[in-house]
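Let's take a friendly walk through this model together. The route goes from backbone oddities to charge pairs and surface patches.

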Amino acid sequence: MAQVPAGKCGFCNNAVAALFCEDCHQILCVECRQNVHDKVPSFQSHKVANIQKEGNRVFRPQPVCETHKNQFLYYCSKCECLTCAECMTGNHNEHKTEKIKTIADTCRQTVIHYMETIETKVELVKKKLETIDTEHSVQIKSDCESYVSKVTITSGELHEIIDRFKQIHMTTACDFKDIENQNLLNKRVFFQRRHDESADSLLKFENLLQETNDCIFLTDFKALQTDFKINDEETDDPLACPRQLAIFHPSSFGRSVIEEIDEKFQMRQVMKKVK
């Protein structure tokens, strides 16, 4: 509670006031209360409050009747309002009245009941806040972590299935390439040898034509003619085109992947139901 600035005692006007008389509306020191205020018989029933303990509440002015500017003396049960002496002979004449303290005490009990109800609500709300900060927060975190973990695992399994089918088709293409390149290399070696043999034979005949000695020409011609006939009798192998790699069908690939995914996850659902 905020500290209330101290003032001078209204009785001795010297010492620092520590008390406030709510009936006199006067601040006073401890000594003046004991030696002056409480010595007056009519003042002994006054309510005196500690200024620092009660704070600004003690300085609130005593409410008075707005119509007659008089102090309130009664409580009108019919109109449910405070009344002064003049009110009782005016607008509230013949109304049922009670002592203000009696009504105030009853209302204080109601306030206590209200406070108990509010305190109960405060405790309930406090527990709800604790639940939000602990159980619910942990649950949300746990649920999200579990969800993300399952998404990650399932995504990984799907990727594994796709990667396996991808690897199968990539291996098929790679093997085809290796085999066909080897066949192509063998054909190149074969036709390179035939090319070299034919070119060598052509060169020999070109040189033969340069020979002017008829005897030597005829002797060499006979030998070359035999080799020519042998080579000419060999059947040239036709150059076959490479085999074509089977066409890749995306729909077939996708269907294979989907079928395995469906089989895998249907089995998982069956296992869960069994558990």
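## Two unusual backbone angles

A residue counts as exposed when its relative accessible area is over 50%, as buried when that value is under 20%, and as partly exposed in between. Keep in mind throughout that this is a predicted model.

With that cut-off in hand, start at Asn-13, which sits in the segment before strand E1 (19-21). Asn-13 is not a glycine, and yet its phi is positive, at about 55 degrees. Its relative accessibility is 61%, so Asn-13 counts as exposed.

Glu-80 is the next stop, in the loop between strand E4 (74-76) and strand E5 (81-83). Here too a residue other than glycine has a positive phi, near 55 degrees. Glu-80 is classed as exposed because its relative accessibility is 61%.

## A salt bridge between distant parts of the chain

Side chains of opposite charge can pair when their charged atoms come close. How many salt bridges does the count come to? The count is 7 salt bridges.

One of them is formed by the side chains of Arg-243 and Glu-180, with an N to O distance of 2.7 Å. This pair links distant parts of the chain, as its members are 63 residues apart: Arg-243 is in the loop between helix H5 (214-233) and helix H6 (250-274), while Glu-180 belongs to helix H4.

Is Glu-180 buried or exposed? Its relative accessibility is 11%, so Glu-180 counts as buried. Its partner Arg-243 has a relative accessibility of 49% and therefore counts as partly exposed.

## Charge pairs along helix H4

Helix H4 spans residues 100-209, and two further pairs can be found along it. In the pair of Glu-197 and Arg-193, the closest N and O atoms of the salt bridge are 3.1 Å apart. Both residues lie in helix H4, with their positions 4 residues apart in numbering, about one turn of the helix. Glu-197 is partly exposed, at a relative accessible area of 35%, and Arg-193 is partly exposed as well, at 39%.

Lys-204 and Asp-200 make another salt bridge, whose closest N and O atoms are 3.5 Å apart. About one helical turn separates Lys-204 from Asp-200, because they are 4 residues apart in helix H4. Lys-204 has a relative accessibility of 39% and so counts as partly exposed. Asp-200 is likewise partly exposed, with a value of 38%.

Salt bridges also occur as a network in this model, linking Lys-101, Asp-105 and Arg-108.

## Patches on the surface

Which residues form the negative surface patch? They are Glu-116, Glu-119, Glu-123, Glu-130 and Asp-133. Asp-133 lies in helix H4. The relative accessible area of Asp-133 is 58%, so this residue is exposed.

A nonpolar patch is also present on the surface, made up of Tyr-114, Ile-118 and Val-122. Together these three residues have about 310 Å² of accessible area. Ile-118, one of the members, is found in helix H4.

## What to take along

Helix H4 is a good place to look again on a second pass. It holds Glu-180, which takes part in the link to Arg-243 in the loop between helix H5 and helix H6. It also holds the pair of Glu-197 and Arg-193, as well as Asp-133 from the negative patch and Ile-118.

Notes
Residues are numbered from 1 along each chain as its sequence is written. This is a predicted model: local features need pLDDT of at least 70, side-chain atom pairs count only at pLDDT 80 or more; totals for chains, interfaces and linings use all residues. Side-chain values use heavy atoms; hydrogens and water are left out. Patches are made of residues with over 30% relative accessible area and no salt bridge: like charges are joined within 9 Å, nonpolar side chains (Val, Leu, Ile, Met, Phe, Trp, Tyr) within 5 Å. Accessible areas come from the Shrake-Rupley method with a 1.4 Å probe; for residues, only the protein chains shown count as cover. A salt bridge is a side-chain nitrogen of Lys or Arg within 4 Å of a carboxyl oxygen of Asp or Glu. Lys and Arg count as positive and Asp and Glu as negative; His and the chain ends are not counted. The place of a charge is taken as NZ of Lys, CZ of Arg, CG of Asp or CD of Glu. Helices (H or I, at least four residues) and strands (E, at least two) are DSSP runs, numbered from the N terminus. Buried means under 20% relative accessible area, exposed over 50%, partly exposed in between (1.4 Å probe, protein chains only).
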